[in-house]
Every structure is written in C-alpha cells, then in structure tokens.
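Hi,

Here is the structure I said I would pass on. Have a look at it first, and my notes follow underneath.

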Amino acid sequence: MVNVIGLGYIGLPTALMLSAYGVEVIGTDYNEKLVDTLNEGKTTFSEDGLDKLFSSAVKAGICFTTQYQTTNIYIVSVPTPYDSVSKKVDARYVKKAVEHILDVCLDGTIIVIES
C-alpha cells in the first residue's frame, strides 16, 4: 500500500493515477473538508481528465483520510512555500509530514518527497 500525503495539485493526481492502475492507495490530508469532499465522490479542483481518473481510482478502491497510515511506502506532496526575496523554501510542512510518518511507518520504509 502507498500512503500519499497531501492531496493538492500534485498529490491527488498522483494518488489517483497509482490507484487507477492497480496500486492500493490511501490519500491523506490534514484538511478535513477536502477529505470529506473527496469521500463524497467529488474532486476539489478542475483539470483535464481528472474526473475520469477520479472515477477509475474510486472504482479501484482508493480511500481518503486525515490519518497517516502504517505502511512501508509514502509519497509526500505537501506545500513548500517559496520566499522570492530570500530565495529560501519553507520546509515546515514537509518536516511535519515526515515526523508524522516516522510515528507510524514500518522498518525499511520508503519515503518519496515530491514537494
């Protein structure tokens, strides 16, 4: 199973694509309203082909939750705000996601950070 953390413009299509092609996926996001919307069968933004992909993923069994799952593969796709003046990235969301993963993950876990 893959737990995709962050269900925005990168994380949601990633989770849907994996699920639609046979990978067991649980999508996790801290935003309860977003998770509720997805669980009601609706997408949270518009993109060409997203609704069809969403439908395929739902039929394949994708699940959405606010809880991190115990598994050995995670894809972290959370915001990394960028300061255009200092040229620095704010990695606090990535750091927090990884901390939560470390609380529940299995030994030998793979963590992919795509942010």
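The buried residues of α4 pack against three strands: β1 (2–5), β4 (73–76) and β5 (110–113). Keep in mind that this is a predicted model.

So which residues of α4 are buried? They are Val94, Ala97, Val98 and Ile101. These four sit on the same side of α4, because they cover an arc of only 95° around the axis. On the face turned away from that buried side you'll find Lys95 and Asp103, both exposed. As for the helix itself, α4 runs over residues 92–104, 13 residues in total. From first C-alpha to last, α4 reaches 19 Å, close to the 18 Å expected at 1.5 Å a residue.

Next, the surface. Leu102, Ile111 and Ile113 make a nonpolar patch of about 270 Å². Ile113 belongs to strand β5, and β5 is one of the strands that the buried residues of α4 pack against. Ile113 is partly exposed, with a relative accessible area of 48%; that is over the 30% needed for a residue to count towards a patch.

One backbone oddity to check when you open the file: Lys87 has a positive phi of about 65°, although it is not a glycine. Most residues other than glycine have a negative phi. Where is Lys87? You'll find Lys87 in the loop between β4 and α4. Its side of the story on accessibility is simple: Lys87 is exposed, at 55% relative accessible area.

Cheers

Definitions and conventions
Residues are numbered from 1 along each chain as its sequence is written. This is a predicted model: local features need pLDDT of at least 70, side-chain atom pairs count only at pLDDT 80 or more; totals for chains, interfaces and linings use all residues. Side-chain values use heavy atoms; hydrogens and water are left out. Helices (H or I, at least four residues) and strands (E, at least two) are DSSP runs, numbered from the N terminus. The expected span of a helix is 1.5 Å times one less than its number of residues. Buried means under 20% relative accessible area, exposed over 50%, partly exposed in between (1.4 Å probe, protein chains only). The arc is that of the directions from the helix axis to the C-beta atoms. Contact means heavy atoms within 4.5 Å. Patches are made of residues with over 30% relative accessible area and no salt bridge: like charges are joined within 9 Å, nonpolar side chains (Val, Leu, Ile, Met, Phe, Trp, Tyr) within 5 Å. Accessible areas come from the Shrake-Rupley method with a 1.4 Å probe; for residues, only the protein chains shown count as cover. A salt bridge is a side-chain nitrogen of Lys or Arg within 4 Å of a carboxyl oxygen of Asp or Glu.
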